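Grab a coffee and open the viewer: here is a set of short exercises to work through with the structure on screen. Try each task yourself before you read the solution.

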Amino acid sequence: MSEIKAADVKSLRDKTGLGIMECKAALKETGGNLDEAVEYLKINSNLKAEKKASRTAVEGLLLTANNLMVEVNCETDFVAKDENFKTFCQEVLNYCLENDSKSIEEISDDLESERQSLVQKVGENVIIRKKESIGGDNLYSYIHSNGKVGALVSLKDDNVELGKDIAMHVTASNPKFLSPEDVDSETIEKEKQILKAQVEDTNKPEEIIEKMIEGRLNKFLSEISLLKQPFVKDPSTSIENILNDHKNSIVEFTRIEVGEGIELEQKDFASEVQAQLQNS
């Protein structure tokens with residue numbers, strides 16, 4: 001077989017975005033035929049992408065536009081900073097904006113070819129994980145500088161500075177509910193059981209124990225409720241007071257943190273090495 005030309009390797013890299021060694025091996029496998037090499041890589045890239053799909057992706061980025069925020073995951077922070085990964089994230093956001101009625105599963109299916117191509121470029125599993133949106137006419141967003149945690153906020157009346165401040169606060173303080181009245185009964189009951197366990201051995205009168213539980217429960221409800229939280233930029237006041245000062249109110253909010261809720265698989269070192277050998 002004739003020697004593989006550097007120009008052909010470069011051309012194949014430009015077409016597929018894959019590494020030099022993979023492109024060179026594909027050209028050798030196909031006798032230097034560029035078109036056949038492209039097809040060869042497509043088939044083999046899919047196989048490799050499927051192997052990587054079982055690996056846990058807990059890193060990644062958030063992107064936002066209009067009333068929408070998307071989360072795309074990868075395995076390491078190194079890849080999260082890769083320009084190919086960032087470009088794919090932007091493509092996902094743009095596609096979501098153009099197809100806002102589609103579910104995250106449908107969007108993932110539509111962009112599967114692009115995802116698999118990226119997997120081959122970066123060598124890690126990549127997942128389009130979340131697409132969240134909120135309603136309202138006055139929408140504001142904030143994403144922390146590391147790109148891993150952010151929030152969307154909708155206000156009753158337009159106020160750009162206030163909206164951005166509250167979105168930043170939601171990002172930093174992670175409220176679970178808008179007000180204590182919005183906290184569900186299951187969350188309240190679970191916390192009550194925890195508080196009872198904490199005070200049951202205090203040997204105090206029953207009425208004192210009940211007051212202790214009530215006080216600690218109210219504190220807990222305030223801590224997880226956005227309106228009652230002290231404002232991160234000025235802890236001497238609350239979000240509720242700031243809104244009252246501006247004669248405004250919150251319609252809706254949401255917060256996303258990259259990888260939140262994903263359980264990391266625990267492996268010993270020997271298992272990790274063996275897994276890498278099997279996936280190589």
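## Exercise 1: The sheet with β4

Find the bridge partner of Ile 143 in β5, then build up the sheet around that pair.

*Solution.*
- Step 1. Ile 143 has Gly 150 as its bridge partner in β5. Keep in mind that you're looking at a predicted model.
- Step 2. Zoom out to the two strands: β4 and β5 (residues 149-155) run antiparallel, with six bridges joining them.
- Step 3. Now add the third strand. The sheet is open, and its order is β4-β5-β8 with antiparallel pairing.
- Step 4. β4 (138-143) and β8 (250-257) are the edge strands, since each pairs on one side only.
- Step 5. Ignoring direction, neighbouring strands here are turned by 10° against each other on average.
- Step 6. Helix α8 (residues 160-173) packs on this sheet and touches β4, β5 and β8. The direction of α8 makes about 140° with that of β5.

## Exercise 2: The other three-stranded sheet

Work out the strand order of the open sheet that holds β1, β2 and β3, and say which strands sit at the edges.

*Solution.*
- Step 1. The order is β1-β2-β3, again with antiparallel pairing.
- Step 2. That puts β1 and β3 (127-133) at the edges, each pairing on one side only.
- Step 3. Neighbouring strands are turned by 15° against each other on average, direction ignored.
- Step 4. Follow β2 to β3: six bridges join these antiparallel strands. One pair to click on is Val 72 with its bridge partner in β3, Ile 128.
- Step 5. Look for the helix on top: α5 lies across β1, β2 and β3, at about 145° to β2.

## Exercise 3: An acidic residue in β2

Is Glu 71 buried or exposed, and what does its side chain reach?

*Solution.*
- Step 1. Place it first: Glu 71 is in strand β2 (residues 68-74).
- Step 2. Check the cover. Glu 71 has a relative accessible area of 0%, so it counts as buried, the cut-off being under 20%.
- Step 3. Look for a polar partner: the Glu 71 side chain reaches the backbone nitrogen of Gly 259 at 2.8 Å.
- Step 4. List the neighbours. Leaving out residues up to four places away in sequence, Glu 71 touches several residues, including Leu 61, Ile 128, Arg 129, Lys 130 and Val 258.

## Exercise 4: Two nonpolar cores

Find which element gives the largest share of the largest nonpolar core, then locate a second core.

*Solution.*
- Step 1. A reminder to start: in soluble globular proteins, nonpolar side chains tend to be buried together.
- Step 2. The largest nonpolar core here has 22 residues. Those with the most contacts inside it are Val 72, Phe 85, Phe 88, Val 92 and Val 126.
- Step 3. The elements that give two or more residues to this core are β1 (59-65), β2, α4 (77-80), α5 (83-98), α6 (104-110) and α7.
- Step 4. The largest share, six residues, comes from α5.
- Step 5. Take Phe 85 as a sample. Beyond four places away in sequence, its contacts include Leu 61, Val 72, Val 79, Leu 118 and Val 126.
- Step 6. A second, separate core has 16 residues, among them Val 153, Ala 167, Ile 239 and Phe 253.

## Exercise 5: Positive phi angles

Asn 66 and Asn 174 aren't glycines, yet each has a positive phi; find where they sit and how exposed they are.

*Solution.*
- Step 1. Asn 66 has a phi of about 55°, and it lies in the loop between β1 and β2.
- Step 2. With 62% relative accessibility, Asn 66 is exposed, because the cut-off is over 50%.
- Step 3. Asn 174 also has a phi of about 55°; its place is the loop between α8 and α9 (185-199).
- Step 4. At 24% relative accessibility, Asn 174 counts as partly exposed.
- Step 5. For a glycine with a positive phi, go to Gly 123, just after α7, at about 75°.

## Exercise 6: A hairpin

How many residues link β6 to β7 in their hairpin?

*Solution.*
- Step 1. The hairpin joins β6 to β7 through two residues.
- Step 2. β6 (residues 230-231) and β7 (residues 234-238) pair in the antiparallel sense over two bridges.
- Step 3. In one of the pairs, Pro 230 has Ser 238 in β7 as its bridge partner.

Note on methods: Residues are numbered from 1 along each chain as its sequence is written. This is a predicted model: local features need pLDDT of at least 70, side-chain atom pairs count only at pLDDT 80 or more; totals for chains, interfaces and linings use all residues. Side-chain values use heavy atoms; hydrogens and water are left out. Helices (H or I, at least four residues) and strands (E, at least two) are DSSP runs, numbered from the N terminus. Buried means under 20% relative accessible area, exposed over 50%, partly exposed in between (1.4 Å probe, protein chains only). A polar contact is a pair of N or O atoms within 3.5 Å; within protein, one must be able to donate a hydrogen and the other to accept it, and residues adjacent in sequence count only if both atoms are side-chain atoms. Contact means heavy atoms within 4.5 Å. Two strands pair if DSSP finds at least two bridges between them. Axes are lines fitted to C-alpha atoms, for helices over the stretch in contact, and angles run from 0 to 180 degrees between N-to-C directions. A nonpolar core is a set of buried Ala, Val, Leu, Ile, Met, Phe, Trp, Tyr and Cys residues joined through side-chain atoms within 4.5 Å.
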